[in-house]
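Me: I am new to this structure and would love a close look at one part of it. Could you walk me through it slowly?

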Amino acid sequence: MAEKPYTFSQHLETRMKERNLKREWIENTIENPEITENIAADETHFFKKILEAASRCLKVVFNPLSSIVITAHFDRKRTKNNCQ
């Protein structure tokens, strides 16, 4: 298995357990996002509809400078708008 070009923060590992988020959902959102928003030099948001989770929109917060995935959660507002 090839090593990923990013690492998950301890915060994210904790939130994944609390929020029942699957690792593959987060990886797929980073690698194949439907929407990407560059917020700042050190913050990028990736969004993707997760069909397996009732088509909810997953938001993944990533720091491109450190290549660390900070956190992830389902975005209620974007889910209502079909992840747009």
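What covers the buried residues of α2?

Reply: Happy to take you through it. Please keep in mind that this is a predicted model.

Let's begin with the helix itself. Helix α2 spans residues 23-31, and its buried residues are Trp25, Ile26, Glu27, Thr29 and Ile30. The cover over them includes β1 (7-8), α1 (10-19), β3 (43-50), β4 (56-63) and β5 (68-74). One general point helps in reading that list of buried positions: an α-helix has 3.6 residues a turn, so residues three or four places apart point the same way.

Now look at the strands in that cover, starting with β3. Of its 8 residues, 6 are buried, so β3 is largely enclosed by the rest of the structure. Strand β2 (residues 35-40) pairs with β3 in the antiparallel sense, over 5 bridges. In that pairing, Ile35 has Phe47 of β3 as its bridge partner, and a hairpin of 2 residues links β2 to β3.

β3 also pairs with β4, again antiparallel, over 7 bridges. Here Ile50 is matched with Arg56 in β4. The hairpin formed by β3 and β4 has 5 residues between the strands, and within its turn Ala54 shows a positive phi of about 60°.

Next, follow Val60, whose contacts lead back to the helix. Leaving aside residues up to four places away in sequence, Val60 touches Ile26, Thr29 and Ile30, among others. Its other contacts include Thr44, His45 and Phe46, as well as Val69, Thr71 and Ala72.

Val60 and Ile26 also appear together in the largest nonpolar core, which has 17 residues. Along with Leu21, Leu58 and Val69, they are the members that touch the most other members. The elements giving two or more residues to this core are α1, α2, β3, β4 and β5. As a general tendency, nonpolar side chains in soluble globular proteins are buried together.

Finally, let's pick up Thr71, one of the residues Val60 touches. Thr71 sits in strand β5. Why is Thr71 called buried? Because its relative accessibility is 14%, and buried means under 20%. Its side chain makes a polar contact with the side chain of His11, at 3.3 Å. Not counting residues up to four places away in sequence, Thr71 touches His11, Leu12, Arg15 and Arg19, and also Lys59, Val60 and Val61.

Terms used: Residues numbered from 1 in each chain as written. Predicted model: local features only at pLDDT ≥ 70, side-chain atom pairs only at ≥ 80, totals over all residues. Heavy atoms only, no water. Buried < 20%, exposed > 50% of the residue type's maximum accessible area, 1.4 Å probe, protein only. Helix = DSSP H or I, 4+ residues; strand = E, 2+ residues; numbered from the N terminus. Contact = heavy atoms within 4.5 Å. Polar contact = N/O pair within 3.5 Å; in protein donor to acceptor, adjacent residues only side chain to side chain. Pairing = 2+ DSSP bridges. Core = buried A, V, L, I, M, F, W, Y, C linked by side-chain atoms within 4.5 Å.
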